[in-house]
Amino acid sequence: MDLGPLEGGYLELLHSSADPLHLYHFYDQMDLAGEEEIEPCSEPDTDNINCDQFSRLLCDIEGDEETREAYANIAELDQYVFQDSQLEGLSRDIFMEHIGSDGVLGEGLEVSADAEQRSQKRPEVPAVPIVTGSFLVGPASNPPTLPGLPAALFSQEPASSQIHLEKAVPLPEPSSGAAGSRLHLPAGPIQIISMLPTLPQGLWHISGPSTSLSSVFICHGEMSPTSQALPSGGPAIHGLPKSPARPGSTSPFAPSAADLPSMPESALTSRVPGTEDKRSPGQTAPEVSSKLPKWPEAVQRFYSSLQDRYRAEPTGPDGIMVEVDLVSARLEKGSNKSQERELATPDWAERQPARGGLAEVLRTASDCRRPRETQVIAVLGKAGQGKSHWARAVSRAWARHQLPQYDFVFYIPCHCLDRPGDAFHLRDLLCSLGPQPLAMDDVVFRHILRRPDRVLLTLDAFEELEAHDGFLHGSGRQAPAERGSLRGLLAAVFQRKLLRGCTLLLTARPRGRLAQILSKADALFEVTGFSAEQAQAYVRRYFENSEVTDHPERALALLRDRPFLLSHSHSPAICRAVCQLSEALLELGDQAELPSTLTGLYVGLLGPVARGSPPGALAGLAKLAWEMGRAHQGTLREGQLPSPEARAWAVAGGLVRPVPGAAEVELAFSSFLLQCFLGALWLALSSDIKDKELPQYLALTPRKKRPYDNWLEAVPRFLAGLVFQPRESCLGALVAPAEASSADRKQRALARYLKRLQPGALRARRLLELLHCAREAQEAGIWQHVVRELPARLSFLGARLSPSDAHVLGEALSAAGRDFTLDLRGTGIDPSGLESLVGLGSVTRFRAALSDTVGLWESLQQRGETQLLQAAEEKFTIEPFKAKSLKDVEDLGNLVQTQRLRSSSEDAPGALPAVRDLKKLEFALGPLLGPQAFPKLAKILPAFSSLQHLDLDSLSENKIGDQGVEQLAAVFPQLKALETLNLSQNSITDVGACQLAEALPSLAASLLRLSLYNNAISDPGAESLARVLPDMVSLRVLDVQYNKFTAVGAQQLASSLRKCPHVETLAMWTPTIPFGVQEHLQQLDSRISLR
C-alpha cells in the first residue's frame, strides 16, 4: 500500500480512507535515526487489531450511554482549553498530539516522584527533527541545526507576551508498543512560547530537567519545501495520507466521524458551515486548509430545506403579528384537597415579563443549561391566547438565523402524534409527522444524534395527547435506531433516553394532570393575551389593507361601544372573531353594531355560512365537534363528515381547514372557541341529550360520581346563550325553525336548575362561571336571581380574574343595588379591572394585593383623578394582615411609606385608613426568612396606632431570637392599643426575657395576653418575668409552657402570681419541673394551668 507523502493533521486522517492496519505496520517499520530499540507491545489484542475488529468495536458502543458521555467530556475539555483567550494561538492538533493518545492533562502543580522515575525509563526522543503533519519536532540542544529556523531565534529572550503554564503535565507511563509513534515529554514544567513575531507561524519550546533532552521546539504551520528538508544523515520520512475530500486526523487509529456514535460535534465538525481559514497576508497558502470541516452535503441540503420550510411568513389573518406578553410562571399547591399543583397567580405588579419573546427566552435558557441534560421549557396559557403563534414564531426566528445556538429546529403539532402502531422511528417524530414532511437520510440522522444539544424540539398543544401524564414513567427504552410507538418515543425523550441534551419546548393549556410533567420543567412561562393597547393595535393592522381608509377607526368605535366584547378582546382568538364580524358589518353602513354577547358574536359569524349549508351538514359538524371535544381532540378525519359536499362547505366557510402533513386527510377546527360553540349547538339541538342531563354540562355544581370533564371550557356559556336568547336572532339564524323549537324543553330544564342555585354556596371559580352564564343567557329572571343572591362578602382569594371576569362581576355588583366587600387578593387582576371595581358605589370595602393597590393610587394621582383616588384610599383595608413572605413585609413597608409621604402633603388628609385601622398583624415567615425580615417589620410597627393583636408565632418557628425581642421592645411605647402579644417559638433565651421584662411596663395598661410558649427561658428569665408581673395590671393570661426553667423559676412565678389578683391563667407546665412540684403549686393556686 502506497501511503503517499506525509501531510495533513489529525483531523485530516479522521475522515480518510486509509486502512488503520496498514498505517499501523507502516509506522511500526519506520527506523527513526538515533532512537533506541523499542520493546514489542505486551498486549497482543491491541497489537493485532484490524479494520474489521475496529468497526465491530464501534458498532458495539453505538448505543452505549457511558461512551457518549465520555465523548462529551472530551468535547468540554477541548472547548475549555481552546476558548481560553490566552491560548487562542494553540492548534487543536497540539491538543490531540499530547492528550489524545497518551493521557489527559492533570490537575496537580507538580509531577510526583514516581512519575519522574518512570519518565527516565522511556525511550529517548529522536535526535533529528521529525515532520508530523504541520509540526516540526526535534531536540533543541543544538538549535542552529534545525532546518529552516534562523539561528538568531535561539538566542532571543522570550517575548513579553509568552505564556507560562504554571501547571505541570503528569505523564502516565506509556505502553512500549506505542513509543515510536508519539512524542514523550520529560517530567517538569513545560514552557510554551506562542506566536513569536519573527516567524510566520507559532513556535513552542518544551524543556524539562532530569532528562537527556534539554529542550524541544514544536513549530506549527506549513513550512517551505527547503525548510522541510532533513539533515543528510537522517532517514527519509514520509507523511501520513490525507483525503482530499474529507479532512480529518492524522492518527492511524482515529475513527471516522460517521462511525462515532453521538460524539459531540465540537470535537469533529464546525458548527457554522463555511468557516474560513484566516492567514496573514505574507504567509503562503497551504496545500491543505486548516479550517474545521464543513457539514456533509446531505446535512447542508436538509438544513436549507428545513429553513425554507419555516421561513415563509403566514398570510391573511394568520400573518397579523402583534406581540403577546410572556410572563414567568410557577406551580403551587392547588386550593382543593388533591395533591395536584396548579399554575400560580402572581400579583400584577409581581409579574416578570420576558422581554424579547420566546426567542430571547431560548437564548437566555441556553446560557444556563446543564451540560448533556435535556432542557424542558413550557409555555402555558388558555385556549386562544397565542401559544401556537409564539411556537411558530420561534421556528421562523431560527430560519432567519436569530437562534444561532440551535443547528436544527423541529415544530410538531401534537395532534399529528395521536397515531396508533409500533413502527415509528425517531426520525419520523422529527420530520415525517409534522406539517410539510421532509426526508431525512442516515447521514443527516447520525449528524443530529451526535449533537442533540444543538436541537430544539417544539411540541405544540401538548394537552391534546392522551395519557401524557405517563410519559415520565413509561417504558421509553427505544434506542435511536429502534422502532416503536409514538408514546414510547416521547417517553424516551422526556426521560432523557433519546436526544439527551436537546431543548424541549412545550405549549399547553394549564389543566388536568399536565402539572406532573410541568413540575419537571426547567422554565415555565405564561402567555397572558392582549392588553387593551395590543387589542387595538391588532384591529388597526387587520384593517390596514382595507380599501376604505376609515375602516380601522370605525371598527374600533364598534368595539368600544361594546365594553363586554372589549373586555374579552384580551384573547387574540376573540379579537380576531370581532374583526371578522366587524368587517362584514362595516359593509352594511353606519347603523351596524356588534352583538353584546359572545354567543351573538359567533352566531353572527356562522349565520351567513349556515344559510348555504347542505342538509344536515351543520348538525353533523356540531356533533363531531362535541365528540372530538369529549375525546380531547380538535382534529377529525375527512371520512367522518356526513358527505363530500359537507366537507367542501365547511372548508369554504372557514369552519375547518386541512391539516398539512397528516398521514390521512385530516381537518382541524379553525379555532378552539368555534369548536366549543359547535359543541354547545349540538347540546342545544340534539334529542340524544336528555333534559335532566343537560345541567351537568354547565359544570357549576360538583359531582361526586363521574364528574363532568369540562375540556371544552367555553361550552357552558355558549349553551346558556343558545338556549335562552331569542330564537329569531340566535338558534333561528342557524337552523330551521322546527329544529330550533326543540330547545324549548331544555330551556325550561336549565331555568329550573339555575334558579335553584345558591350563589353564596359556590366557590369563587364556579360563581364567576355562573355570572358568565347568566350574562350570556340575557334572561332577566335568571340574571336578577343571581345578583340578588350574591353574598355581601365576596371573596375571590386565589381565583384568577381575567378582564372579562372583572367586567361581568362589575355589572353584577352594579345591578344588585346594595353594598359589598370584595377580597381580590391572589387574583392577578389587571389595573384597569381593579380601578373599575373600586370605583363602583356598591363596593364599600375591598382588599387587594398591596403592590397593586399602591400602584393604582400612584396612577390615579398622576392622572389627577382626585375623587377616585380618595375613594380608593378610603375603601382599602388590610385587616387582618398576615405576612407570609419577604415580599409581604416589603409591601407593608411601602404602604407605610406611602402614608408618610401622604401625611407630608398639605392637600392630603390624615393617615391612610388601611394603616390607621389595622388591628391584627401576623408574622409567619419561618426560621430562614424570619430573622431576616423581622427588623424591617419592627421599624414600621409604630405606624399602626390601632394594633391590638401582634402574633409572631409560626408553625415552623420564626426564630427572631433575643435580637428581635430587643428591636420589638424598643417600639412598645408606641403600641398603646396592643392587647395580645404572641412570642411563642422564637428561640428567646434569658437575655431576651430580661429585655422583654424591662419594656413590658409600657404596655401595662393595655396588654391582656402574653405568650412565651416553647422558648429557651431558664430560671434567670423566669425571675425577671416574675418581678414585672405585679406591674402588669391589665394582664389576664401568661403562657410560659415548654421552656427550660426549673422548680426555682416556677416557685418565683407562683409567688409573684399571688400578688396579681387580676391574672386569670398562668400556663407553666414544662418538662424541666418535677411533676410533683407542679402539682403542689397548682394546689396552692388554681390559676396555674398544667395543660
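Let's start with one pair: Asp 823 and Arg 825 form a salt bridge, with their closest N and O atoms 2.8 Å apart. Keep in mind that this is a predicted model. The two partners sit in unlike surroundings: Asp 823 is buried, at 12% relative accessibility, while Arg 825 is partly exposed, with a relative accessible area of 28%. Asp 823 counts as buried because its value falls under the 20% cut-off.

That pair belongs to a bigger set, as the structure holds 25 salt bridges. Why do such pairs form? Side chains of opposite charge can pair when their charged atoms come close.

Next up are Arg 863 and Glu 835, whose side chains meet in a salt bridge at 2.7 Å, N to O. This one links distant parts of the chain: Arg 863 lies in helix H30 (residues 850-863) and Glu 835 in helix H29 (residues 831-838), 28 residues apart. Arg 863 is partly exposed, with a relative accessible area of 42%.

Arg 301 and Glu 297 are another case, with the closest N and O atoms of their salt bridge 3.3 Å apart. Both belong to helix H8 (residues 297-311), and because they are 4 residues apart there, about one helical turn separates them. Glu 297 is exposed, with a relative accessible area of 60%, and Arg 301 is partly exposed at 48%.

Here are the three pairs together:

| Salt bridge | N to O distance |
|---|---|
| Asp 823 and Arg 825 | 2.8 Å |
| Arg 863 and Glu 835 | 2.7 Å |
| Arg 301 and Glu 297 | 3.3 Å |

Finally, there's a network: salt bridges link Asp 347, Lys 887 and Asp 891.

Key
Residues numbered from 1 in each chain as written. Predicted model: local features only at pLDDT ≥ 70, side-chain atom pairs only at ≥ 80, totals over all residues. Heavy atoms only, no water. Salt bridge = Lys/Arg side-chain N within 4 Å of Asp/Glu carboxyl O. Helix = DSSP H or I, 4+ residues; strand = E, 2+ residues; numbered from the N terminus. Buried < 20%, exposed > 50% of the residue type's maximum accessible area, 1.4 Å probe, protein only.
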